[in-house]
Every structure is written in C-alpha cells, then in structure tokens.
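Dear colleague,

I am handing over the structure we spoke about, with the sequence, so that you can look at it alongside my notes. Please read the description below with the model open in front of you.

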Amino acid sequence: MLIISHLTASYGGPTIIKDVALEINEKEIVTLIGPNGAGKSTVLRSIFGITQLNKNSSIRFFDQELTGLSTQEIVQLGITYDPQGRTIFPSLTVDENLDMGAYLLIDSNLVRERKDYVYKEFPRLKERRDQKSKTLSGGEQQMLAIGRCLMLSPKLLLLDEPSIGLAPKIIAEVFEKLVQIRDSGVSILMVEQNATQALKISDRAYVLELGENRLTGTGHELLKNPEVKKLYLGA
Ligand SMILES: Nc1ncnc2c1ncn2[C@@H]1O[C@H](COP(=O)(O)OP(=O)(O)O)[C@@H](O)[C@H]1O
Ligand SMILES: [Mg+2]
C-alpha cells in the first residue's frame, strides 16, 4: 500500500531522517518505536507532505508518488493524520468536531453516513455528541481525534502517540479500537512510546534511531528481541 524508500528529510536545517525505508501493507497496523528525538514524528509528517525531502526520497501510495503533492491532495488520496497531542477543538461539540473532519466532503448525505459509521464504532461519542469536547475524558478525546480522522474514509491512518497521557486500561481500550479499525480494512501507521502494548497489537514494527532504520520485524518478534526488550520494554 505504502512504500517509503530512501526517505531523507529535514525542516530546512540539518538532516533529521536519513535514507529510511518502510512499508505498510493493506489491513496492517505498523508501529514506529525508538527513543525521543529519533525522528518518528518526522516520518509521519514527511508522508503528510510537511517536511523538506531530499530528491532521492520516494513515498509511493498504491501507484501514486506522494512527494511533491500538497497535504490536501494527500488527504484526498486517502491518508489522514492525527498529530501528537490530541488536536480536537475543545470548545466545539463532539458532533462539530466530526464535521471539521469532513471538511473535504461537499455531499451532506455522505457526511451523515460517515458520522453514523463513527458513532457506530464509538458509541460513547454518540452519547456525548452535543457535549463540548473539552468535557470528555482523555480516552474519549483520543477516540474523538481518531473518529475525526475516519470521517474521510481513509485507506491509511497516521497516528502520533495515540496513547499519550492515558491510563493503561484506557490505552488497552483505544488499542482495541485500532484493531477493529484495521479489521474493517483501514491500515494504521502509528508512533508509540508505549512499546509493549503497541507491539502486541502491531502486525509489524520498525525501530528508528537517530533518524535511521535500526530494526524491523513482526510485533511479536520485536517483543521477544533482547535488544528491544532492554531498550524499549523496560526489561
Ligand atoms: N518543527 C521542527 N523544526 C526543526 N526541528 C525539528 C522540528 N520538529 C522536530 N525537530 C527535530 O527533529 C528531530 C526528530 O524529532 P521528532 O521527529 O519529533 O522525534 P520523535 O518523534 O522520534 O521523538 C529532533 O532532533 C527534533 O528536535
Ligand atoms: Mg514524536
């Protein structure tokens, strides 16, 4: 579905990502782990077209090269992105936040249809549809951020640290939803600090260090990998 090769990226200054390769297949959860500052978020931003890429960098989504496209064009091809730190609009209601996620849809029937889908996936959001989103719990706010990304029927969802700031039990609930979303046919590429829980639900994962590929394998393989255990799983 997505094949990244020779990804070399910066923010206009020093090179942050060096020659990174990464693949995501259909119906997969792929997780990026690695130390703070490794460049995990920068990889997501690069897919979304908001970093500066070296000319050898390639990001192919199905048959389409994404490098050089605008963020809006990338969204229209079927990729949505939830940046780090829950970016919902706190003084808008749940329902209004979902409308914001549908900003590229002109057909109001389609908006309604997508909203019904999100509310079916997240019944708690439906119960709270007229509440201002700042009154939701942390877990519900994260569900709303994910639900908003689903309004455009993406084929690929990019999530930056969806578990940040949540209690372990709530993380398990959010991750269970991610598995359901994957099983419904949406691939997910996520960045996670919470490596143990994330690897358990990941089909595959990549370890990044200092902007470079370090290790890759299935979630299960990396959970058992002694180096990963020592560095990222608190063993
Ligand atoms: N907007 C930015 N402008 C310049 N440098 C940045 C920006 N965002 C991140 N960086 C730098 O890029 C490097 C990788 O950051 P990031 O991708 O956020 O790492 P991670 O998500 O793995 O913690 C860090 O050295 C960070 O300081
Ligand atoms: Mg980050």
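A pocket, in the sense used here, is an open set of grid points where a 1.4 Å probe fits, with protein on both sides within 12 Å along at least five of seven lines. Please keep in mind throughout that this is a predicted model. On that definition, the largest pocket has a volume of about 260 Å³. Its lining is made up of 16 residues, and those closest to the centre of the pocket are Thr80, Tyr81, Tyr103, Arg148 and Cys149. Two or more lining residues come from each of the elements α2 (71-77), β7 (79-82), α3 (94-101) and α6 (138-150). By class, the lining holds nine nonpolar, five polar and two charged residues.

Two of these elements, α3 and α6, also pack against each other: their axes come within 7 Å and cross at roughly 35°, and the crossing is right-handed. On the α3 side the contact involves Val94, Asn97, Leu98 and Gly101, which meet Leu144, Gly147 and Arg148 of α6. This contact comprises three nonpolar, three polar and one charged residues. Arg148 thus appears twice in these notes, once among the residues closest to the pocket centre and once in the contact with α3.

Helix α3 has a further partner in α4 (residues 108-121), where the axes come within 11 Å and cross at roughly 125°. Since angles of 65 to 115 degrees count as roughly perpendicular and those over 145 as roughly antiparallel, α3 and α4 are therefore oblique to each other. Their crossing is right-handed, and the contact is made by Val94, Asp95, Leu98 and Asp99 of α3 together with Val111, Lys115, Val118 and Tyr119 of α4. Five of the contact residues are nonpolar and three are charged, with no polar residue. Val94 and Leu98 of α3 take part in this contact and also in the one with α6.

Helix α6, in turn, packs against α7 (residues 168-183), with axes that come within 10 Å and cross at roughly 15°. Because angles under 35 degrees count as roughly parallel, α6 is roughly parallel to α7. This crossing, too, is right-handed. Gly139, Gln142, Met143, Ile146 and Leu150 of α6 meet Ile170, Glu173, Val174, Lys177, Leu178 and Ile181 of α7, a contact with seven nonpolar, two polar and two charged residues.

With best regards

Methods. Residues are numbered from 1 along each chain as its sequence is written. Chains are lettered from A and ligands numbered from 1 in the order in which they are written. This is a predicted model: local features need pLDDT of at least 70, side-chain atom pairs count only at pLDDT 80 or more; totals for chains, interfaces and linings use all residues. Side-chain values use heavy atoms; hydrogens and water are left out. On a 1 Å grid over the protein atoms alone, a cavity is a set of points where a 1.4 Å probe fits but cannot get out, and a pocket is an open set with protein on both sides within 12 Å along at least five of seven lines; lining residues have an atom within 4 Å of a point. Grid points are joined across faces, edges and corners, and a volume is the space filled by probe spheres set on the points. Helices (H or I, at least four residues) and strands (E, at least two) are DSSP runs, numbered from the N terminus. Ala, Val, Leu, Ile, Met, Phe, Trp, Tyr, Cys and Pro count as nonpolar, Asp, Glu, Lys and Arg as charged, and the others, Gly among them, as polar. Axes are lines fitted to C-alpha atoms, for helices over the stretch in contact, and angles run from 0 to 180 degrees between N-to-C directions. A crossing is left-handed if the near helix is turned anticlockwise from the far one by less than a right angle, and right-handed if clockwise. Contact means heavy atoms within 4.5 Å.
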